[in-house]
Amino acid sequence: SAAALLAGVGTFLFCSVDDFVLAGLARLIIGGAVAVAFVGLLKLAAHWFAPRQYALAAGMALFLGVIGAILAGVPLRLGIDLFGWRAVMAVSGGLTVLVGIAIWLWVRDDPGELGYRSYTPVVDHAAQVPARGILSGLTEILRQRNPWLLFIVPGSIAGAITTFAGLWGVPYLVTLYGLEQKSAAALCSLMLVAWAFGGPVFGMLSDRSRRRRRPYLIGCGVVTLGWGLLVLNPGLPLWILVADLVVIGFFSGAMVIGFAYIKESVAPDLAGTATGFCNAGVMLGATVLQPVVGVILDANWSGRLEDGVRIYDSAAYQAAFLVMLLWVALATVLMAL
């Protein structure tokens, strides 16, 4: 609740100021606040859903999150064209505040607060054992192997798809495949839609089979093959390109299994800390890959400009995207461990 309200305040600040430093501060507030959403949702899911449904709940969360990202593309741009970016951001901030109020009024930490049976009974730490401190809990997690592996692996999967579909995919498809801007953007959106649907499917399969490692490993392996086909074979026939991007997107949904996997790899009272650690790995992927790909593109730029914008050739994109491929391949190896 507090995070949603803070994100709304940050959004209001961002759309109302003209100073660059204050705008940057507002973005910092928004980013720090919304980081709570996914981790808090997974913590709630551990109390409200049976363990056999946990990965599916994580998949549904990913589905809704990606739908939000898609709405932040073309629909948001249309709204900005009609009403201006400040008005659109103000409405976004208002909706976020309403979400925070709704969470405070209706959402409860545990079913026991409403008289229902809890899947994770609340522990009375005062009557039993002292609660762990934040640093103590994090230290305990960092001593184990699985959390480290489950921190690194999803960063590659999420980082690669967000780097491509969210940033470099459109200019790549326009330059190398001759697609129009709108068609390239639609194809990147299709990739994200496939990712959105892949999350619940892989979560459900993992829950039903009661296995985590095998479906996660299969997902990583197929994603590696998909990126290998794209990166190492520029100039694919259009139908193969479209199919490959959809396959990459769908099988990238396997990353949601990691949240259930890491929760089950640590003590029950560390579930929230563990899922937060895993989520930090997810965000690390895009944080690292997007600028790294940009640096490599600049280093391999041929000097071509169009309307003052740098245009990169096939060799530059291949060199830059090779980093994504290598990290995903590394993730597959780590998942096997």
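How do the axes of helix α2 and α3 cross, and within what distance do they come? In this predicted model, the two axes cross at roughly 150° and come within 10 Å. Helix α2 covers residues 20-48. Helix α3 covers residues 54-71. An angle over 145 degrees counts as roughly antiparallel, so α2 is roughly antiparallel to α3. The crossing of α2 past α3 is right-handed.

Now look at the side chains between them. From α2 come F38, L41, L42, A45 and A46. They meet Y54, A57, A58, A61 and L62 of α3. The contact holds 10 nonpolar residues, with no polar and no charged ones.

Stay with α3 and turn to its contact with α8. Helix α8 spans 181-209. Two packed helices are described by the angle between their axes and the distance between the axes. For α3 and α8, the angle is about 170° and the axes are 6 Å apart. These two helices are therefore roughly antiparallel to each other. On the α3 side, the contact uses Y54, A55, L56, G59, M60, L62, F63, V66 and I70. On the α8 side, it uses S189, L192, V193, W195, A196, F197, G199, P200, G203, M204, S206 and D207. This contact divides into 15 nonpolar, 5 polar and 1 charged residue. Y54 and L62 of α3 appear here, and both also meet α2.

Y54 has a further partner, T275. That threonine sits in helix α12, residues 271-299. Is T275 buried or exposed? T275 has a relative accessible area of 2%, so it is buried. Beyond its neighbours within four places in sequence, T275 is in contact with V39, L42, Y54, F259 and I262. Among these, L42 belongs to the α2 face that meets α3.

Back in α8, find A184. Its relative accessibility is 0%, so A184 counts as buried. Which residues does A184 touch, apart from those up to four places away in sequence? They are V170, L173, V174 and L179. C188 is buried too, with a relative accessible area of 2%.

Follow the chain out of α8 and you reach R210, in the loop between α8 and α9. Most residues other than glycine have a negative phi, and most peptide bonds are trans. R210 is not a glycine, yet its phi is positive, at about 60°. With a relative accessible area of 75%, R210 is exposed.

D307 also has a positive phi without being a glycine; the value is near 55°. Where is D307 placed? It lies in the loop between β1 (305-306) and β2 (309-310). At 82% relative accessibility, D307 counts as exposed. Set D307 beside A184: they are 123 residues apart in sequence, and their C-alpha atoms are 19 Å apart in space.

Next comes the pairing of α9 with α13. Helix α9 is residues 213-232, and helix α13 is residues 314-336. They pack at an angle of about 160°, with their axes 9 Å apart. The pair is therefore roughly antiparallel. Their crossing is left-handed. On α9, the residues in contact are R213, Y216, L217, C220, G221, V223, T224, W227, G228, V231 and L232. On α13, they are Q318, F321, L322, M324, L325, V328, A329, T332, M335 and A336. The contact divides into 15 nonpolar, 5 polar and 1 charged residue.

C220 from that contact deserves a second look. How many disulfides does a search of the whole structure find? The count is 0. For C220, the nearest cysteine sulfur is that of C278, and it is 11 Å away. A disulfide needs the two sulfur atoms within 2.5 Å, so that distance rules out a bond between them. C220 is also buried, with a relative accessible area of 1%.

One last stop is I240, in helix α10, residues 238-252. At 24% relative accessibility, I240 counts as partly exposed. I240 and L229 are 11 residues apart in sequence, and 9.6 Å separate them in space, C-alpha to C-alpha.

How values were computed. Residues numbered from 1 in each chain as written. Predicted model: local features only at pLDDT ≥ 70, side-chain atom pairs only at ≥ 80, totals over all residues. Heavy atoms only, no water. Buried < 20%, exposed > 50% of the residue type's maximum accessible area, 1.4 Å probe, protein only. Axes fitted to C-alpha atoms, helices over the stretch in contact; angles between N-to-C directions. Helix = DSSP H or I, 4+ residues; strand = E, 2+ residues; numbered from the N terminus. Parallel < 35°, antiparallel > 145°, perpendicular 65-115°, else oblique. Left-handed = near helix turned anticlockwise from the far one by under 90°. Contact = heavy atoms within 4.5 Å. Nonpolar A, V, L, I, M, F, W, Y, C, P; charged D, E, K, R; others polar.
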